Amino acid sequence: AGLSMLFEHMATNYKLEFTALVAFSSLWELMVPFTRDYNTLQEALSTVDDYDKTCLESALVGISNIVQEEWGVCIPCQIILVTDGSLGIGRGSLRHSLATLNHRGEENKFPLPFPFPSKLYVMCIANLEELQTTDTLDILERMIDVNNGEGQIFTIDGPLCLKNVQSMFGKLIDQAYTPFHAVLKCGHLVSDMQMFPRPEPVTIDEELEPVPKSINTELDILGFIKIADISSPPVLSRHLVLPIAFNKEGDDLGTGIPEETEDENSASQIAGKMPSFCVLLHGSLKVEGM
């Protein structure tokens, strides 16, 4: 139910995101390769079955292989690990994997930290009180630490029920999958826009007292320079700048990204008929080869 809710949200608000679905037990299986077709993901979700024992290390190895085959090691990836809080039993359990972390050869390395930029979100279908009666939470937190601290553990508030599971996934959506809306300015020209993917806070290590810096929601263009003059500029991250149209009542009509099935009066087509500085900028830069 939680993943279904997440897929519905992304199909509406995060259409450009590629998502894959992996099921795991003692082995792992790629149910759906990376896609933007959330109907396919929803259908595959309904066919996931229970298998034998839990082996989180096997799942993490599978995820690492899938991401590297598709995207290499430079593209940031967010991994959502849904678990009932079971760490597995004996060899192959997360407890055993972390206990043997420093006694492994190169050919048998633990898959964390991932070789690509990542955030590992652990969605525990169990409430905090249950997890605190054992060392489960401590071990899951150690797993996040091994991934260079990049990630977070979510647990259910209150009793285990559909409403509380959806509430937990709602917190994940608010943190990681909320569209980043901003205002783009150039002189007197102004445009509402969305940056995709969502920019993350950046910490500059060279500073005496490094603190995370976030992107401002007002972006000013100060000038233009030919790409040939700067060759390959140093960047922290790259983002698409997508126009957002608002109607007279101020309702968001979306980014104007076309969908396969939409009628003539759809929000996307209405948005496409409105003047936008962001669209003008895209077209001008394309004409100038910038």
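Let me begin with a single residue, Ala 20, which is partly exposed, with a relative accessible area of 24%; it falls in that class because the value lies above the 20% under which a residue counts as buried and does not pass the 50% above which it counts as exposed. Please keep in mind throughout that what we are looking at is a predicted model.

Ala 20 sits in strand S1, which covers residues 19–24. If we set aside residues up to four places away in sequence, Ala 20 touches Leu 30, Val 32, Pro 33, Phe 34 and Leu 41. Its C-alpha atom is separated by 10.0 Å from that of Asp 37, and these two residues are 17 apart along the chain.

One of those contacts, Leu 41, leads us to a pair of helices, since Leu 41 in H2 is among the residues that meet H1. Helix H1, residues 2–13, packs with helix H2, residues 38–45, at an angle of about 175°, and their axes are 10 Å apart. That angle is why H1 can be called roughly antiparallel to H2. On the H1 side the residues involved are Leu 3, Ser 4, Phe 7, Glu 8, Met 10 and Ala 11, and on the H2 side they are Tyr 38, Leu 41, Gln 42 and Leu 45. Sorted by class, this contact has seven nonpolar residues, two polar ones and one charged one.

Let me step back to the chain as a whole, which has ten helices and nine strands. Of its 290 residues, 35% are buried, and the accessible surface comes to about 17600 Å², with 53% of it belonging to carbon and sulfur atoms. When we take the contacts between residues at least 6 apart in sequence, 66% of them join residues at least 24 apart.

Now to the sheets. In general, the strands of a sheet pair through backbone hydrogen bonds, in either a parallel or an antiparallel manner. One open sheet here has three strands in the order S3-S4-S5, with parallel pairing, and S3 and S5 are its edge strands, each pairing on one side only. Neighbouring strands of this sheet are turned by 15° against each other on average, with direction ignored. Between S4 and S5, which run parallel, there are five bridges, and in one of the pairings Leu 120 has Gly 151 of S5 as its bridge partner.

Which strands does H6 touch as it packs on the sheet? Helix H6 touches S3, S4 and S5, and its direction makes about 155° with that of S5. Within H6, residues 136–146, the buried residues are Thr 136, Leu 137, Ile 139, Leu 140, Met 143, Ile 144 and Val 146. These buried residues pack against several elements, including helix H3 (56–71), helix H4 (94–99) and helix H5 (128–132). Just after H6, Asn 148 takes a positive phi of about 60°. Helix H7, residues 162–176, also lies across S3, S4 and S5, and runs at about 165° to S4.

The other sheet I want to show is an open one of four strands, in the order S8-S6-S7-S9, with mixed pairing. Strands S8 (218–220) and S9 (240–243) stand at its edges, each with a single partner strand, so one side of each has no neighbour in the sheet. The twist from one strand to the next averages 40°. Strand S6, residues 180–186, pairs with S8 in the parallel sense over three bridges, and there Leu 184 has Leu 219 in S8 as its bridge partner.

Notes
Residues numbered from 1 in each chain as written. Predicted model: local features only at pLDDT ≥ 70, side-chain atom pairs only at ≥ 80, totals over all residues. Heavy atoms only, no water. Axes fitted to C-alpha atoms, helices over the stretch in contact; angles between N-to-C directions. Helix = DSSP H or I, 4+ residues; strand = E, 2+ residues; numbered from the N terminus. Parallel < 35°, antiparallel > 145°, perpendicular 65-115°, else oblique. Contact = heavy atoms within 4.5 Å. Nonpolar A, V, L, I, M, F, W, Y, C, P; charged D, E, K, R; others polar. Pairing = 2+ DSSP bridges. Buried < 20%, exposed > 50% of the residue type's maximum accessible area, 1.4 Å probe, protein only. Areas by Shrake-Rupley, 256 points an atom, 1.4 Å probe, with all protein chains shown as cover.
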